[in-house]
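Visitor: I have a few labels I would like justified. Can you take me through them?

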Amino acid sequence: MSEVQASFEAKLQELLALGRANKDVLEIDKVNDFFKGFDLSSSQIDKIYEYLESHSIIVIHNTDLEDGPSDDALLEIDDADLPF
């Protein structure tokens with residue numbers, strides 16, 4: 001195993017541990033920051049997210065943390081759901 005591969009796998013384990021420490025939730029920015037020093041292809045990045053998902057880690061966008069519903073959620077509200 002190459003040194004780069006070993007370093008990548010160690011970082012992946014650290015990321016998994018961080019996710020576990022955060023109640024199985026990680027922000028997408030933290031995931032991206034974790035692998036800043038690596039030159040990853042889009043398929044390798046997809047594999048990171050698949051790995052986290054397979055270990056029950058939820059990756060959320062930082063906008064998911066803001067107060068109030070997202071614009072997409074507002075579009076999904078049915079008029080029948082409105083109290084007025």
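Guide: What follows is a short round of questions on a helix pair, a pocket and a single residue. The model is predicted.

Visitor: Why are α1 and α3 called oblique to each other?

Guide: Take the angle first. The axes of α1 (residues 3–21) and α3 (residues 42–54) cross at roughly 40°. Under 35 degrees would count as roughly parallel, and 65 to 115 as roughly perpendicular. The value of roughly 40° falls in neither range, so the pair is oblique.

Visitor: What is the handedness of that crossing?

Guide: The α1 and α3 crossing is right-handed. The two axes come within 11 Å.

Visitor: How do you know which residues of α1 and α3 meet?

Guide: Contact means heavy atoms within 4.5 Å. From α1, the residues are Phe8, Leu12, Gln13, Leu15 and Leu16. From α3, they are Ile48, Tyr51 and Leu52.

Visitor: What makes up this contact, by residue class?

Guide: Seven residues are nonpolar, one is polar and none is charged. Tyr counts as nonpolar here.

Visitor: Which element gives the most to the lining of the largest pocket?

Guide: That is α1, with four residues. Both α1 and α3 give two or more. The lining includes Phe8, Leu12 and Ile48, which also belong to the α1 and α3 contact. Among the other lining residues are Asp39 and Lys47. By class, the lining has six nonpolar, three polar and two charged residues. The pocket volume is about 190 Å³.

Visitor: What makes Ile28 a partner of residues far along the chain?

Guide: Ile28 lies in α2 (residues 28–34). Setting aside neighbours within four places in sequence, Ile28 contacts Tyr49, Val59, Ile60, His61 and Asn62. Ile28 and Ile60 are 32 residues apart along the chain, with C-alpha atoms separated by 5.7 Å.

Technical notes: Residues numbered from 1 in each chain as written. Predicted model: local features only at pLDDT ≥ 70, side-chain atom pairs only at ≥ 80, totals over all residues. Heavy atoms only, no water. Axes fitted to C-alpha atoms, helices over the stretch in contact; angles between N-to-C directions. Left-handed = near helix turned anticlockwise from the far one by under 90°. 1 Å grid on protein atoms, 1.4 Å probe; cavity = no way out; pocket = protein on both sides within 12 Å on 5 of 7 lines; lining within 4 Å. Points joined across faces, edges and corners; volume = space filled by probe spheres on them.
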